[in-house]
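Me: Could you zoom in on one part of this model for me and trace how it ties into its surroundings? I'd like the pairing, the burial and the contacts in one go, plus a word on how far to trust it.

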Amino acid sequence: MRRSLPVMAVGAVAAALAVAGCGSSDDSSSGDTTAATTDTTTASGSASDTLIGSVGPGFDISMAESTVAAGTYTLKVDDQASIHNFHFTGDGVDVATDVSGTGEQMFTVTLKPGTYTYVCDPHSSQMHGTLTVT
Ligand SMILES: [Cu+2]
C-alpha cells in the first residue's frame with residue numbers, strides 16, 4: 001500500500017513532461033532566416049544576381065551597381081516617391097515602376113554587353129544614370 005503513492009507521483013511527473021513536450025513541439029522549422037539584401041557589390045557579376053535600384057524620396061535616382069557582367073538578374077527597385085518612377089531600358093529590356101506608385105518592385109532582366117539607362121520619366125533631364133554591362 002505504501003508503494004502506490006510514489007508510483008502515482010512518478011506517473012504525474014511523466015504526464016506533466018508529456019504535456020510540456022507537446023506544448024513546445026510546435027516550432028515548425030519553416031522559418032528560414034531569409035537574410036535581407038546582400039549588399040555585397042560584386043562588380044564581377046555572377047555571384048550576386050540581384051541589382052538594386054532606388055528612386056526618391058527626393059530628386060534622387062540611383063543603382064547600387066555601376067558595372068556588371070552580362071547575365072540574368074533580379075532588379076529590385078525601391079520606389080520611395082509618388083512623383084517619381086524608375087524606368088530601366090537597354091538592349092532587350094524596358095521595365096518601369098509607376099510614377100504614382102511606391103514600394104518595392106522586382107523585375108527579371110537579361111542584360112547584354114552595352115550601356116543600360118535608368119531614368120525618372122517626369123524628371124528625365126535631372127534624374128538619370130547608366131549601368132555598364134560587360
Ligand atoms: Cu522624378
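**A close look at E1 and its surroundings**

Reply: Confidence first: the mean pLDDT (the predictor's confidence in each residue, from 0 to 100) is 79 for the protein, with 64% of the residues at 70 or more. The model is predicted, so local features here need pLDDT of at least 70 and side-chain atom pairs count only at pLDDT 80 or more, while totals for chains, interfaces and linings use all residues. Numbering starts at 1 along each chain as its sequence is written.

The weak stretch is residues 4–47, where pLDDT stays under 50. Over those residues the model has 15 contacts beyond four places in sequence, a contact being two C-beta atoms, placed from the backbone, within 7 Å. Where pLDDT is low, the predicted coordinates should not be read in detail.

Now the map. The protein has one helix and nine strands, in the order α-β-β-β-β-β-β-β-β-β from the N terminus. These are DSSP runs numbered from the N terminus: H or I over at least four residues for helices, E over at least two for strands.

The part I'd pick is E1, residues 50–55. It belongs to an open, mixed sheet of four strands ordered E2-E1-E4-E7, where pairing takes at least two DSSP bridges between two strands. The edges are E2 (61–63) and E7 (103–111), each pairing on one side only.

On one side, E1 runs antiparallel to E2, joined by three bridges. Ser54 faces Ser62 there, and Val55 has Ile61 as its bridge partner. E1 and E2 make a hairpin with five residues between them, and Gly56 in the turn has a positive phi of about 80 degrees. On the other side, E1 is parallel to E4 (residues 71–79) over six bridges. Val55 turns up here too, standing opposite Asp79 in E4.

What about the side chains? In a regular strand the side chains alternate between the two faces of the sheet. E1 shows that alternation: Leu51, Gly53 and Val55 point to one face and are buried, whereas Thr50, Ile52 and Ser54 point to the other and are not. Buried stands for 20 or more other C-beta atoms within 10 Å of the residue's own; 12 or fewer is exposed, and in between is partly exposed, with C-beta atoms placed from the backbone. Across the protein's 134 residues, 19% count as buried.

That leads to the core, meaning a set of buried Ala, Val, Leu, Ile, Met, Phe, Trp, Tyr and Cys residues joined through C-beta atoms within 7 Å. The largest one has 18 residues, and those touching the most other members are Ile61, Phe86, Tyr118, Cys120 and Leu131. E1, E2, E4, E8 and E9 each supply at least two residues of this core. Tyr118 makes a handy bridge back to our strand: leaving out residues up to four places away in sequence, Tyr118 touches Gly53, Ile61, Met63, Phe86, His87, Phe88, His128, Gly129 and Leu131.

Following those names takes you to the other sheet. This one is also open and mixed, with five strands in the order E3-E9-E8-E5-E6. Its edge strands are E3 (67–68) and E6 (93–96), pairing on one side only. E9 (residues 128–133) pairs with E3 in the parallel sense over two bridges, with Thr67 opposite Thr132 and Val68 partnered with Val133. E9 also pairs with E8 (residues 114–119), antiparallel and over six bridges; there Thr132 is the bridge partner of Thr115.

Last stop is Val133, in E9. Val133 counts as buried because it has 21 C-beta neighbours inside 10 Å. Setting aside neighbours within four places in sequence, its contacts are Val68, Ala70, Leu111, Lys112, Pro113, Gly114 and Tyr116. Tyr116 is 17 residues from Val133 in sequence, and their C-alpha atoms are 7.4 Å apart. For the protein as a whole, residues 24 or more positions apart account for 55% of the contacts with a separation of 6 or more.
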